[in-house]
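Student: Hi! I'm new to this one, so could you walk me through some of its side chains?

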Amino acid sequence: MTERLISILTDSFLKILVPGICVTIPLTVISFFFAMIIAVVVSLVQYARVKILSPLCRFYIWIIRGTPLLVQLYVVFFGLPSLGIMIDPLPCAILVFAINEGAYCAETLRGALESVPKGQIEAGLCSGLSYIQIMWHIVLPQAFRTAFPALSNSLISMVKDTSLAANITVAEMFMATQRIVARTYEPLALYIEVALIYLLFSTVLTRLQHFGERKLDVTRKKTPDQLQKNGGRSEAKK
């Protein structure tokens, strides 16, 4: 019995890992990329309090955050065909994950934007910069730095949420596991194995998050010194 179980786990490892690398990770990265585009647009609209668009953004966030991700997947994949709108499983998963994660990231970014001192916008306007230039070159970089830990957590969470895509027949690694379980009748061991692979992916991303946070901390610490050095050099030139 033990030898059979070890043989099943050994044989299934690559069969689960390969869909994870080839489907789960690309699905996560592409979805998060589009989610960040949505988040930036929505957060900037709310931050600027654009008439008509701002209430629409709040409505979008309210609907998406108030309904389960699985239900959203079912509505788009199984519901829209009744209206004549057919979307393939993988594009459907990317669309739904991006829209869902975009709502959460938009609120994260909005809070980060609000934390940037208003005086910097006024200083930028006095320097002759346009509002868009101020947002792009001054406010957004600082907001992203503040929001980096929370956005990284959202990315890690999305890796695990991609398992829901198996419900709409996306052949990611959880669906691969389900197929192996149906053939071998070893659900406990195989589901623990796929859980450990998810844990491996999440651990790698967590390490990258810590590395990014350290780099940002180093940048913050170096900035005053660099300014001081630059000031010293300018004085020496004088």
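Tutor: Happy to; here is a short tour of charged pairs, aromatic rings and a surface patch.

Student: Great. What should I know before we start?

Tutor: This is a predicted model, where local features need pLDDT of at least 70 and side-chain atom pairs count only at pLDDT 80 or more, while totals for chains, interfaces and linings use all residues. Residues are numbered from 1 along each chain as its sequence is written, and side-chain values use heavy atoms, with hydrogens and water left out.

Student: How many salt bridges are there?

Tutor: The count is four. A salt bridge here is a side-chain nitrogen of Lys or Arg within 4 Å of a carboxyl oxygen of Asp or Glu. One of them joins Asp-11 and Lys-15, at 3.0 Å from N to O.

Student: How far apart are Asp-11 and Lys-15 along the helix?

Tutor: They are four residues apart in helix α1, which means about one helical turn separates them. Helices are DSSP runs (H or I, at least four residues), numbered from the N terminus.

Student: Buried or exposed, what is Asp-11?

Tutor: In between: Asp-11 is partly exposed because its relative accessible area is 43%. Buried means under 20%, exposed over 50%, and partly exposed in between (1.4 Å probe, protein chains only). Lys-15 has 40%, so Lys-15 is partly exposed too.

Student: Which residue does Glu-114 form a salt bridge with?

Tutor: Lys-118, with the closest N and O atoms 3.8 Å apart. Glu-114 sits in helix α4, residues 89-115, and counts as partly exposed because its relative accessibility is 30%. Helix α4 also holds Glu-107 and Arg-110, three residues apart, about one turn, and their side chains form a salt bridge at 3.1 Å, N to O.

Student: What else is Glu-114 in contact with?

Tutor: Leaving aside neighbours within four places in sequence, Glu-114 is in contact with Tyr-47 and Arg-49. Contact means heavy atoms within 4.5 Å. Val-139 is 25 residues from Glu-114 in sequence, and their C-alpha atoms are 9.5 Å apart in space.

Student: Which side chain of opposite charge is nearest to Glu-193?

Tutor: Arg-183, but that side chain is 9.9 Å away, and Glu-193 is buried with no salt bridge. For charge, Lys and Arg count as positive and Asp and Glu as negative, while His and the chain ends are not counted. Glu-193 lies in helix α8, residues 187-237, and its contacts beyond four places in sequence are Leu-9, Ser-12, Phe-13 and Ile-16.

Student: New topic: how many aromatic pairs are there?

Tutor: Five. Among them, Phe-59 and Trp-62 make a tilted pair, 5.7 Å centre to centre with 50° between the planes. Rings of Phe, Tyr and Trp (its six-membered ring) pair if their centres lie within 6.5 Å; planes under 30 degrees apart count as stacked, over 60 as edge-to-face and the rest as tilted. Trp-62 counts as exposed because its relative accessible area is 59%.

Student: And why is the Phe-77 and Phe-78 pair edge-to-face?

Tutor: Their planes are at 85°, so the pair is edge-to-face, with ring centres 4.9 Å apart. Tyr-74, Phe-77 and Phe-78 form one aromatic cluster. Phe-77 is buried because its relative accessibility is 16%.

Student: Last one: which residues make the nonpolar surface patch of about 460 Å²?

Tutor: Ile-30, Phe-33, Phe-34, Ile-37 and Val-41. Patches take residues with over 30% relative accessible area and no salt bridge, joining like charges within 9 Å and nonpolar side chains (Val, Leu, Ile, Met, Phe, Trp, Tyr) within 5 Å. Areas come from the Shrake-Rupley method with a 1.4 Å probe; for residues, only the protein chains shown count as cover. Val-41 is in helix α1, residues 2-48.

How values were computed:
Helix = DSSP H or I, 4+ residues; strand = E, 2+ residues; numbered from the N terminus.
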